Amino acid sequence: MSSVYVSFDELCQCVSISEAQIVDLVEQGVLRPEAGVRREEWRFSHYALSRVGKADRLHRQLAIEWSDMPLVLEMLDELNELRAENAMLKQRLKRFLHDEG
């Protein structure tokens with residue numbers, strides 16, 4: 001299965017964030033190009049497109065500063081991981097209690 005990538009210019013067209021801000025997000029580690037060294041060569045995955053959209057919404061709707069975005073997104077990622085782990089553990093506990101009864 002092949003992956004679809006978007007260029008830097010295509011990413012800029014898909015979101016309402018300036019080119020300079022996207023470069024800053026890459027430099028901060030919020031976004032990571034899947035390919036390319038120079039900006040003109042950068043290729044981003046669908047995950048990056050989703051992540052930049054989330055960052056844009058957080059900035060616009062909650063007035064989160066761009067400089068705080070790496071920490072906020074990291075915390076949201078961790079929250080999602082913990083929720084998934086909690087759901088899995090609840091399911092295991094439910095099976096365990098069912099087998100015991």
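Which residue does glutamate 41 form a salt bridge with? Let me start there, since it takes us straight into the structure. The partner is arginine 38, and the closest N and O atoms are 2.9 Å apart. Glutamate 41 itself is partly exposed, with a relative accessible area of 32%. One thing before I go on: what you're looking at is a predicted model.

So, salt bridges. The structure holds five of them, and I'll talk about two others. Glutamate 19 pairs with arginine 39, with 3.6 Å between the closest N and O atoms. That pair links distant parts of the chain: glutamate 19 sits in helix α2, arginine 39 sits in the loop between α2 and β2, and they are 20 residues apart. Are those two buried or exposed? Somewhere in between: glutamate 19 is partly exposed at 37%, and arginine 39 is partly exposed at 34%.

Then there's arginine 32, whose side chain meets that of glutamate 34 in a salt bridge, at 3.7 Å from N to O. Here arginine 32 counts as exposed, because its relative accessible area is 59% and the cut-off is over 50%. Glutamate 34 is partly exposed, at 37%.

Okay, let's go inside. The largest nonpolar core has 23 residues, and the ones touching the most other members are Ile22, Leu31 and Phe44. Helices α1, α2, α3 and α4 each supply at least two residues of this core. Take phenylalanine 44: leaving aside residues up to four places away in sequence, the residues it touches include Val4, Phe8, Leu11, Val26 and Leu31. Arginine 32, from the salt bridge a moment ago, is also among the contacts of phenylalanine 44.

Now have a look at helix α3. Alanine 55 is in that helix, and at 0% relative accessibility it counts as buried. What does alanine 55 touch, not counting residues up to four places away? Trp66, Met69 and Leu73. If you want a sense of distance, alanine 55 and glutamate 34 are 21 residues apart in sequence and 19 Å apart in space, going C-alpha to C-alpha.

Arginine 51 is in α3 too. Is this arginine buried or exposed? Buried, because its relative accessible area is 12% and buried means under 20%. With the same sequence neighbours left out, arginine 51 touches Val30, Leu31, Leu73, Glu74 and Asp77.

Follow the chain out of α3 and you come to alanine 63, in the loop between α3 and α4. Its phi is near 55°, a positive value in a residue other than glycine. For context, most residues other than glycine have a negative phi. Alanine 63 is exposed, at 56% relative accessibility.

That brings us to α4. This helix has 32 residues and reaches 46 Å from its first C-alpha to its last, close to the 46 Å expected. Met69, Val72 and Leu73 are buried in α4, and the buried residues of this helix pack against α3. Remember that Met69 and Leu73 were both contacts of alanine 55. As for spacing along a helix, there are 3.6 residues a turn, so residues three or four places apart point the same way.

Last stop, the surface. Leu93, Phe96 and Leu97 make a nonpolar surface patch of about 320 Å². Leucine 97 belongs to helix α4, and it counts as exposed, with 52% relative accessibility.

Note on methods. Residues numbered from 1 in each chain as written. Predicted model: local features only at pLDDT ≥ 70, side-chain atom pairs only at ≥ 80, totals over all residues. Heavy atoms only, no water. Helix = DSSP H or I, 4+ residues; strand = E, 2+ residues; numbered from the N terminus. Buried < 20%, exposed > 50% of the residue type's maximum accessible area, 1.4 Å probe, protein only. Expected span 1.5 Å × (residues − 1). Contact = heavy atoms within 4.5 Å. Patch = residues over 30% accessible without salt bridge, like charges linked within 9 Å, V, L, I, M, F, W, Y side chains within 5 Å. Areas by Shrake-Rupley, 256 points an atom, 1.4 Å probe, with all protein chains shown as cover. Salt bridge = Lys/Arg side-chain N within 4 Å of Asp/Glu carboxyl O. Core = buried A, V, L, I, M, F, W, Y, C linked by side-chain atoms within 4.5 Å.
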